[in-house]
Structures are given as structure tokens and as C-alpha cells.
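Subject: Structure handover

Hello,

Here is the structure you asked for. Please open it next to this message and follow along.

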Amino acid sequence: MKEKIIYKLNKQNLLITIGIILFFGVFGFLFFINPSFFVSVFIRSESLIKFMGAVICIMCVFLLVGYTNVFIKNYGLILSNDGITNNTNLTNVGLIHWAEITKIEVKELKKNKFILVFARDNTKYYMKFKNPFIKLNFLAYAKFYGTPFVIEPKNIVCSFEELERSILESYNRNKQN
């Protein structure tokens, strides 16, 4: 086996995601500075609109910083003899050793497929984060998918089948080591 297999990020998809975050951030800012313009039959309270705008702005700032950090990195996923380094989403914990991984499975949600990586001790990886927003994201992934380590193939430049085959081959080859 090669020492490392490096998959590049799909920068176009990340730019689209960053653009959507900016779009919502602008609307959140408009909600905050001019709530009277958005008063309607459904929401009549200006203070509620202002509060929603503030929450949207704060969330967008955190998401923008997180996805910008993902975008800046040169890799999306690294498979090595030691383990997996996943940078396809905001929960990049660094290297996850093959010995720590208990199983790998595929989950399909609507038309998107994800590769789920289950590890023995998630709290060890959770403690690596200092940012509370990323900690919340880590916990949300764990609750929704059953594991916080989710590889999102749409953020990598390669086919899903190739990625799945490569990960499973690397896992089966290195899990005993």
C-alpha cells in the first residue's frame, strides 16, 4: 500500500456552502437592523424578528469561520497506514487510528451518501476541541448519525464508490496493526 492516499477538497462545493452562509448572514443582519420591515401576519413582534436576526448572524459567523478553515486546508481526506484524517466537515479531530475504529458503514440520507466511522472512545476526540460551537457540532453529528465521524464525499474530488472501496480496503488491511 502507498504510505498515504490524499483526497483533495471539492473547493467549488465549499464555495457554494460559504455563499449560502453569507446569504443567510446578510438576511439575519437585515432582520436585526430593520425588524419593522419584516413584520407580517405570521410574525408581528419586532423584538422576535430582531432576536432571530441576531441568532442567525451569530450562527453564520461561526459557520463561516468553520467552513473557511476547512476551505483553507489542502486536503479533504487522508488515508494512511496509521488511520484516517477527515477534513470534509467541521469535526476534523486529526488522525483517527485504525485500532480505534470499530466499524465503518455507509448511510444514505435522501440522495446523499455518507461514510460513518465508529470509534471506541469518542470523548477522547471530543476533548480535543476548544471551540464550543465545534463541540456542539460534534455532539449533533453523534446524535444524528450515531457517530461524530462522518465523511462527506460531496466535499471530496472523487467518486463515492472509489472512496468507499479505498477506505474499506485501508481499514481491512490496517485494523489488526
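Strand β5 (residues 101–109) runs antiparallel to β6, and eight bridges join the two. Please keep in mind that this is a predicted model. One pair to look up is Lys-107, whose bridge partner in β6 is Phe-114. The two strands form a hairpin with two residues between them. In that turn, Lys-110 has a positive phi of about 60 degrees.

β6 also pairs with strand β7 (residues 149–151), again in the antiparallel sense, over three bridges. There, Leu-116 stands opposite Val-150 in β7. Is β6 largely enclosed or not? A residue counts as buried when its relative accessible area is under 20%. Six of the eight residues of β6 (residues 112–119) are buried, so the strand is largely enclosed by the rest of the structure.

Now the overall layout. The protein has five helices and seven strands. Read from the N terminus, the order is β-α-α-β-β-β-β-β-α-α-β-α. Its C-alpha atoms fill a box of roughly 60 × 30 × 30 Å along the principal axes. Of its 177 residues, 39% count as buried. If you take the contacts between residues at least 6 apart in sequence, 62% of them join residues at least 24 apart.

Next, the nonpolar cores. The largest has 32 residues. Which residues have the most contacts inside it? They are Leu-77, Ile-84, Ile-101, Phe-149, Ile-151, Leu-163 and Ile-167. At least two residues of this core come from each of α1 (11–33), α2 (46–72), β2 (77–80), β5, β6, α4 (132–145), β7 and α5 (160–174). The largest share is that of α5, with four residues.

Ile-84 is a good place to look at this core in detail. Leaving out residues up to four places away in sequence, Ile-84 touches Leu-77, Ile-78, Leu-79, Gly-94, Leu-95, Ile-96, Trp-98, Ile-101, Val-117, Ile-151 and Ile-167. Apart from the largest core lies another, of six residues, among them Phe-118, Tyr-141, Tyr-145 and Val-150.

Then there is the largest pocket, with a volume of about 290 Å³. Of the 15 residues that line this pocket, Tyr-67, Tyr-141, Tyr-145, Glu-152 and Lys-154 are the closest to its centre. α2, β6 and α4 each supply at least two residues of the lining. Which element gives the most to the lining? That is α4, with six residues. Tyr-141 and Tyr-145 thus turn up twice in this message, in the six-residue core and in the pocket lining.

Last, a single residue in a loop. Where does Asn-87 lie? Its place is the loop between β3 (83–86) and β4 (95–97). Asn-87 counts as buried because its relative accessibility is 2%, and the limit for buried is under 20%. The side chain of Asn-87 reaches the backbone oxygen of Tyr-75 at 3.0 Å. That side chain also makes a polar contact with the side chain of Asn-92, at 3.5 Å. Not counting residues up to four places away in sequence, Asn-87 touches Leu-9, Val-70, Lys-73, Tyr-75, Gly-76 and Asn-92.

Regards

Conventions
Residues are numbered from 1 along each chain as its sequence is written. This is a predicted model: local features need pLDDT of at least 70, side-chain atom pairs count only at pLDDT 80 or more; totals for chains, interfaces and linings use all residues. Side-chain values use heavy atoms; hydrogens and water are left out. Buried means under 20% relative accessible area, exposed over 50%, partly exposed in between (1.4 Å probe, protein chains only). A polar contact is a pair of N or O atoms within 3.5 Å; within protein, one must be able to donate a hydrogen and the other to accept it, and residues adjacent in sequence count only if both atoms are side-chain atoms. Contact means heavy atoms within 4.5 Å. Two strands pair if DSSP finds at least two bridges between them. A nonpolar core is a set of buried Ala, Val, Leu, Ile, Met, Phe, Trp, Tyr and Cys residues joined through side-chain atoms within 4.5 Å. On a 1 Å grid over the protein atoms alone, a cavity is a set of points where a 1.4 Å probe fits but cannot get out, and a pocket is an open set with protein on both sides within 12 Å along at least five of seven lines; lining residues have an atom within 4 Å of a point. Grid points are joined across faces, edges and corners, and a volume is the space filled by probe spheres set on the points.
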